[in-house]
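Student: I have just opened this structure and would like a guided tour. Could we take it piece by piece?

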Amino acid sequence: MSRIILALILTLVLHPLQAQAPPVPRLIPEVINVYPHDAEAFTQGLLWHEGYLYESTGLFGESTLRRIDIASGEPLQLLSIDEAYFAEGLELVDDKLIQLTWKAGRAFVYDFATFDLIDSIEYDGEGWGLCYDGRYLFMSDSSAYLSVRDAETFELIFRGAVTYQGRIIAPQLLNELECVGDHIYANAWNTDFIFRIDKWSGDVSAVIDASSLLTAAEKADLAAGSVLNGIAWNPESETFFITGKKWRKIFEVVFTA
């Protein structure tokens with residue numbers, strides 16, 4: 001995708017940009033490996049821990065929590081979520097998994113090893129993405145803002161806007177999140193882009209164009225709503241795993257200029 005086309009698309013999904021603002025770097029995913037992914041999994045949250053992927057899948061009546069074998073794409077452990085809930089973002093905090101729900105205002109807390117439900121947490125608004133930097137939880141909620149929450153109590157500490165070249169981004173962009181160092185990576189919902197966000201300032205510091213991951217034929221084969229979503233960081237290899245809702249593939253990548 002050319003820089004001109006990228007700029008045109010971004011103007012459709014972002015508020016008007018300031019002409020004097022410095023350009024935001026464009027990155028692309030360089031594919032290291034490709035793995036299978038369950039084409040029925042409507043990916044809402046993805047994380048990597050000690051050799052396994054953990055995935056939260058959505059839709060009413062189809063939501064699950066999974067531990068996945070990366071080589072086969074098969075779930076080694078699977079918990080079906082009550083059909084009243086549409087599961088969303090997922091994160092690991094110590095020995096607990098926290099899974100958001102879309103509009104129910106409730107997060108479920110599970111024992112990491114057994115997937116036994118050990119608690120539930122109430123919050124205001126919608127739940128979209130969730131990530132943990134080792135100190136704080138960061139949460140997206142369908143707005144242009146990220147919430148910073150206490151990792152133990154889920155109490156709201158701060159809520160700040162995400163900006164692109166000095167302007168607040170449009171709502172309903174920030175979806176699945178991944179915390180890596182001083183940055184938060186966020187899928188821009190309904191686009192092929194991932195934002196790299198400075199977690200201290202809220203500024204978008206890079207835009208990753210993932211439009212080339214799937215071929216035209218693969219994109220044409222996707223059901224409606226099967227958009228890019230799912231980012232997991234592997235600190236051992238310093239690579240990312242990225243996928244989409246009901247995609248047949250998970251890509252292991254590094255982001256390059």
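**Strands, cores and spaces**

Tutor: Let us begin with one pair of residues: Leu46 stands opposite Glu55 in β3. Please keep in mind that this is a predicted model.

Student: How do β2 and β3 pair, and over how many bridges?

Tutor: β2 and β3 run in the antiparallel sense and pair over six bridges. They form a hairpin with two residues between them. In that turn, Glu50 has a positive phi of about 50°.

Student: What does β3 pair with on its other listed partner, strand β4?

Tutor: β3 and β4, which covers residues 64-68, pair in the antiparallel sense over five bridges. Within this pairing, Thr57 has Thr64 in β4 as its bridge partner. The hairpin of β3 and β4 has six residues between the strands, and Leu59 takes a positive phi near 85° there.

Student: Is β3 enclosed or open, and why?

Tutor: Strand β3 spans residues 52-57, and five of its six residues are buried, so it is largely enclosed by the rest of the structure.

Student: Now for empty space. How many cavities of 30 Å³ or more are there?

Tutor: The structure holds one such cavity, and the volume of the largest cavity is about 40 Å³.

Student: Which residues line the largest cavity?

Tutor: The lining is made by Pro36, His37, Asp38, Glu55, Arg66, Ile68, Gly73, Pro75 and Ile250. Glu55 is the residue that stands opposite Leu46. Sorted by class, the lining has four nonpolar, two polar and three charged residues.

Student: And how much space lies in the largest pocket?

Tutor: The largest pocket holds about 350 Å³ of space. It is lined by 18 residues, of which Trp48, Glu91, Tyr132, Glu178 and Cys179 are the closest to its centre. The elements that give two or more residues to this lining are β2 (43-49), β6 (87-93), β10 (130-132) and β16.

Student: What classes of residue make up the lining of the largest pocket?

Tutor: There are nine nonpolar, three polar and six charged residues in that lining.

Student: Let us turn to the packing. Which residues touch the most other members in the largest nonpolar core?

Tutor: That core has 22 residues, and those touching the most other members are Ile169, Leu174, Ile184, Phe195, Ile197 and Val204. At least two residues of the core come from each of β12 (145-150), β16 (174-180), β17 (183-188), β18 (193-198) and β19 (204-209). There is also a second, separate core of 17 residues, which includes Leu27, Ile194, Phe240 and Phe251.

Student: What is Ile197 in contact with, leaving aside its neighbours within four places in sequence?

Tutor: Ile197 is in contact with Leu146, Val162, Leu174, Asp182, His183, Ile184, Ala186, Gly202, Asp203, Val204 and Ser205. Among these, Leu174, Ile184 and Val204 are also in the list of core members that touch the most others.

Student: A change of topic: where is Ile157 found, and what does it touch?

Tutor: Ile157 is found in strand β13, residues 156-161. Not counting residues up to four places away in sequence, Ile157 touches Tyr136, Val148, Arg149 and Asp150. The C-alpha atoms of Ile157 and Ser147 are separated by 7.5 Å, the two residues being ten apart along the chain.

Student: Why does Ile157 count as partly exposed?

Tutor: Ile157 counts as partly exposed because its relative accessibility is 46%, and that class lies between under 20% for buried and over 50% for exposed.

Student: You mentioned positive phi values in turns. Why point them out?

Tutor: They are pointed out because most residues other than glycine have a negative phi. Gln165 is another case, with a positive phi of about 50° although it is not a glycine. Gln165 is found in the loop between β14 (163-164) and β15 (167-168). Gln172 also has a positive phi, of about 60°, and is not a glycine; Gln172 is found in the loop between β15 and β16.

Student: Are Gln165 and Gln172 buried or exposed?

Tutor: Gln165 counts as buried because its relative accessibility is 17%. Gln172 is partly exposed, with a relative accessible area of 41%.

Student: Last, which hairpin does Phe115 belong to?

Tutor: Phe115 lies in the turn of the hairpin formed by β8 and β9, which has five residues between the strands, and its phi is positive at about 65°. β8 (residues 106-111) and β9 (residues 117-122) pair in the antiparallel sense over five bridges, with Ala107 opposite Ile121 in β9.

Technical notes:
Residues numbered from 1 in each chain as written. Predicted model: local features only at pLDDT ≥ 70, side-chain atom pairs only at ≥ 80, totals over all residues. Heavy atoms only, no water. 1 Å grid on protein atoms, 1.4 Å probe; cavity = no way out; pocket = protein on both sides within 12 Å on 5 of 7 lines; lining within 4 Å. Points joined across faces, edges and corners; volume = space filled by probe spheres on them. Nonpolar A, V, L, I, M, F, W, Y, C, P; charged D, E, K, R; others polar. Pairing = 2+ DSSP bridges. Helix = DSSP H or I, 4+ residues; strand = E, 2+ residues; numbered from the N terminus. Core = buried A, V, L, I, M, F, W, Y, C linked by side-chain atoms within 4.5 Å. Buried < 20%, exposed > 50% of the residue type's maximum accessible area, 1.4 Å probe, protein only. Contact = heavy atoms within 4.5 Å.
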